[in-house]
Amino acid sequence: MTYVIHGATGAQGAPVVTALTAAGKSVTALTRNPDAVVDGARVVAANYSSVADVTDVYRGADGVFVHLPVGAEEDRLAFANNILAAVRAARPGRVVFSTSGFPTDPAVGGAAATLAAGLADSGVSHAVIAPELYLENLLMPYVTDSVRERGVLPYPIRADFPVSWASHLDIADVAVALFERPDVTGVVGVGQYPAITGPDLAEAFAARFGRDVVFEPLSPDEFRTSLAPVIGEGPAAGIAEAYRAMSAMPGRPIAPETSAHKLLDITPRTTTQWLADMGL
């Protein structure tokens, strides 16, 4: 059985490759770098912008793991439509799409919503993994350095804002399970439940780092300034706007009835477990 993994050298795709190869599966790693080396996988350089390239790779695959790269929404929408065209033409055995926390509500619109709706209409077996926020966001230097140097965990959410945080490792666990469970379709929420707040995160960091840590809410503009040197001004501005919109929400908990815990019997890592897995 062959599985195609988008972004196979990236933060979200690489753990899926690792989990599948550890299970003895045949993996095709999609990357934009033709010189990339991915242990245990066949590497194919393919670009989201080429429907022909993606269709060729999808053809005959038992499963495809997809997530859209961070970037301009116009580009993401074009990529989503190209992926849908390739899925309809190649008809792989199953598609698992991670929203990466972007909304899939058609009323909201956007690339993730377009891809989710298109998969539902494709007639191809599929499932949509819906995380809220990634714990790996807390690995950014401005967060971990601040914890170590000041005992302060900064993040652009309110102190009372509950989130079902998830790890990329949790996404990999769920993706592999969904490839084995074609009976599970639709949206699968992934993340801690009950949802936790910023001070809860700080408490876990304090226990792991052996020092007092307090949570500090950042404004979206402060967040953009912190992100821009790492990912570029354009993507940073887009992410900051998403957090500005998020500030009007009551929180980001998953729905327990459609969670990976309920549907797949997979319990996501706690923040303490994740910190240990990261070796922090």
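Two strands count as paired here if DSSP finds at least two bridges between them. Keep that in mind while looking at this predicted model, because strand 5 (residues 95-98) and strand 6 clear that bar with 4 bridges, running in the parallel sense. To find the pairing on screen, start from V95, whose bridge partner in strand 6 is H126.

Strand 6 is a good place to stay for a moment. It covers residues 126-131, and 6 of its 6 residues are buried, so the strand is largely enclosed by the rest of the structure. Look at how its side chains are split: H126, V128 and A130 point one way, while A127, I129 and P131 point the other way, and all are buried. Buried means under 20% relative accessible area, a cut-off that comes up again below.

Now zoom out to the whole chain. There are 11 helices and 11 strands in it. The radius of gyration is 19 Å, close to the 19 Å that the globule rule gives for 280 residues, so the chain is as compact as a globular protein of that length. Its C-alpha trace spans about 55 × 40 × 35 Å along the principal axes. Of the 280 residues, 50% count as buried. If you take the contacts between residues at least 6 apart in sequence, 74% of them join residues at least 24 apart. As for the surface, the chain exposes about 12,100 Å², and carbon and sulfur atoms supply 53% of that.

For a feel of the distances involved, try E203. This residue lies in helix 7 (residues 198-209), and it counts as exposed because its relative accessibility is 56%. From the C-alpha atom of E203 to that of L119 is 40 Å, with the two positions 84 residues apart along the chain.

Next, the aromatic rings. The count comes to 8 aromatic pairs. One of them is formed by Y3 and F179, a tilted pair with 4.8 Å centre to centre and 50° between the planes. Y3 lies in strand 1 (residues 2-5) and F179 in helix 6 (residues 168-180), so this pair ties together parts that are 176 residues apart in sequence. What about exposure to solvent? Y3 counts as buried because its relative accessibility is 1%, and F179 is buried too, with a relative accessible area of 8%.

Another pair is made by Y155 and Y243. Their ring centres are 5.7 Å apart and their planes sit at 80°, so the pair is edge-to-face. Here again a strand meets a helix: Y155 lies in strand 8 (residues 152-155) and Y243 in helix 9 (residues 233-246), so the pair ties together parts that are 88 residues apart in sequence. Y155 is buried, at a relative accessible area of 0%, and Y243 counts as buried at 6% relative accessibility.

Which residues share an aromatic cluster with Y155 and Y243? Y142, W165 and F223 do, and together the five residues form one cluster.

One last ring is worth a look, and this time its partner carries a charge. The charged end of R76 sits over the ring of F102, at 3.8 Å from the ring centre.

How values were computed: Residues numbered from 1 in each chain as written. Predicted model: local features only at pLDDT ≥ 70, side-chain atom pairs only at ≥ 80, totals over all residues. Heavy atoms only, no water. Phe/Tyr/Trp six-rings, centres within 6.5 Å; stacked < 30°, edge-to-face > 60°. Helix = DSSP H or I, 4+ residues; strand = E, 2+ residues; numbered from the N terminus. Buried < 20%, exposed > 50% of the residue type's maximum accessible area, 1.4 Å probe, protein only. Lys NZ or Arg CZ within 6 Å of the ring centre and 35° of its normal. Rg over C-alpha atoms; globule rule 2.2 N^0.38 Å. Contact = heavy atoms within 4.5 Å. Areas by Shrake-Rupley, 256 points an atom, 1.4 Å probe, with all protein chains shown as cover.
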